[in-house]
Amino acid sequence: MIKVGDVMAVEFPRIDGLATVAEAMSLMRRHGVDALVVNRRDHSDEAGLLLLSDIAGEVIGRNRAPERVNVYEIMKKPALTLPADMLARYAVRLLTQFQVSHAVVVDPDRNPVGLVTVRNLVLGPEPAA
């Protein structure tokens, strides 16, 4: 039985909600990813998620300057979160039900420990480079 923790990315870039979208784009380019986990401000906060599609639709498509838009203005929050021990087949159902492509994997204290995509859940983890 494959679990979310078996296919999640354990190394994933994070960003602060106060960072600019230009900074987020630079981080995405540097790491070759299309999603960033947005850090929680404190223990009572929830994690956010910034997708490349958010930047495309909310910033580039609306002709807004990425240097003048903060991540918190366009991110998804709260992000859909999953426990690492959830079976992959249930995670796929959940992501497709909510029509999202990414979810943040959290530990019991709700701290992000991974990032998982529908692609990872269906095809397995990315091969090591």
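User: Which residue forms a salt bridge with Arg110, and how far apart are the closest N and O atoms?

Analyst: The general idea comes first: side chains of opposite charge can pair when their charged atoms come close. In this predicted model, Arg110 pairs with Glu46, and their closest N and O atoms are 3.1 Å apart. Arg110 sits in the loop between E5 and E6, while Glu46 sits in the loop between E2 and E3, so this pair ties together parts that are 64 residues apart in sequence.

User: Are Arg110 and Glu46 buried or exposed?

Analyst: The labels fall in between here. Arg110 is partly exposed, with a relative accessible area of 33%. Glu46 also counts as partly exposed, at 29%.

User: How many salt bridges does the structure hold, and which residues do shared partners join into one network?

Analyst: There are six salt bridges in the structure. Through shared partners, Arg41, Asp45 and Lys77 are joined into one network. Take the two links in turn. Arg41 and Asp45 meet through their side chains at 3.7 Å, N to O. Lys77 and Asp45 form the other link, with their closest N and O atoms 2.8 Å apart. Lys77 belongs to the loop between H4 and E4 and Asp45 to the loop between E2 and E3, so this pair ties together parts that are 32 residues apart in sequence.

User: How should I read the burial of these three residues?

Analyst: Read each value against the cut-offs: under 20% is buried, over 50% is exposed, and partly exposed is in between. Asp45, at 8% relative accessibility, therefore counts as buried. Arg41 is exposed, with a relative accessible area of 69%. Lys77 counts as partly exposed at 31%.

User: What else does Asp45 touch?

Analyst: Leaving out residues up to four places away in sequence, Asp45 touches Arg40, Lys77 and Arg110. You have already met Arg110 as the salt-bridge partner of Glu46. With Lys77, the side chain of Asp45 also makes a polar contact, at 2.8 Å.

User: Let's turn to the sheet. In which order do E4, E5 and E6 come?

Analyst: A general point helps: strands of a sheet pair through backbone hydrogen bonds, either parallel or antiparallel. Here, three strands make an open sheet in the order E4-E5-E6, and the pairing is mixed. The edge strands are E4 (81-83) and E6 (112-117), each of which pairs on one side only. From one strand to the next, the twist averages 35°.

User: In what sense do E4 and E5 pair, and which residue is the bridge partner of Thr81?

Analyst: E4 pairs with E5 (residues 102-106) in the parallel sense, over three bridges. To find one of these places in the structure, look at Thr81: its bridge partner in E5 is Val104.

User: Which helix packs on that sheet?

Analyst: Helix H5 (residues 88-97) packs on the sheet and touches E4, E5 and E6. The direction of H5 makes about 170° with that of E4.

User: How do I read a nonpolar core, and which members touch the most other members in the largest core?

Analyst: Think of a core as buried nonpolar residues joined through side-chain contacts. The largest one here has 16 residues, and Ile15, Val21, Leu36, Leu50, Ile55, Val71 and Ile74 touch the most other members. Two or more residues come from each of H2 (21-31), E2, H3 (52-60) and H4 (71-74). H2 gives the largest share, five residues.

User: Where should I look to see the contacts of one core residue?

Analyst: Try Val71. Beyond its neighbours within four places in sequence, Val71 is in contact with several residues, including Ile15, Val21, Val38 and Leu50. There is also a second, separate core of 12 residues, among them Met8, Ala91, Leu95 and Val116.

User: Where is Met75 found, and what does it touch?

Analyst: Met75 is in the loop between H4 and E4. At 16% relative accessibility, Met75 counts as buried. Setting aside residues up to four places away in sequence, Met75 touches Val38, Gly48, Leu49 and Leu50. The C-alpha atoms of Met75 and Leu49 are separated by 5.7 Å, although these residues are 26 residues apart along the chain.

Note on methods: Residues numbered from 1 in each chain as written. Predicted model: local features only at pLDDT ≥ 70, side-chain atom pairs only at ≥ 80, totals over all residues. Heavy atoms only, no water. Pairing = 2+ DSSP bridges. Helix = DSSP H or I, 4+ residues; strand = E, 2+ residues; numbered from the N terminus. Axes fitted to C-alpha atoms, helices over the stretch in contact; angles between N-to-C directions. Contact = heavy atoms within 4.5 Å. Buried < 20%, exposed > 50% of the residue type's maximum accessible area, 1.4 Å probe, protein only. Polar contact = N/O pair within 3.5 Å; in protein donor to acceptor, adjacent residues only side chain to side chain. Core = buried A, V, L, I, M, F, W, Y, C linked by side-chain atoms within 4.5 Å. Salt bridge = Lys/Arg side-chain N within 4 Å of Asp/Glu carboxyl O.
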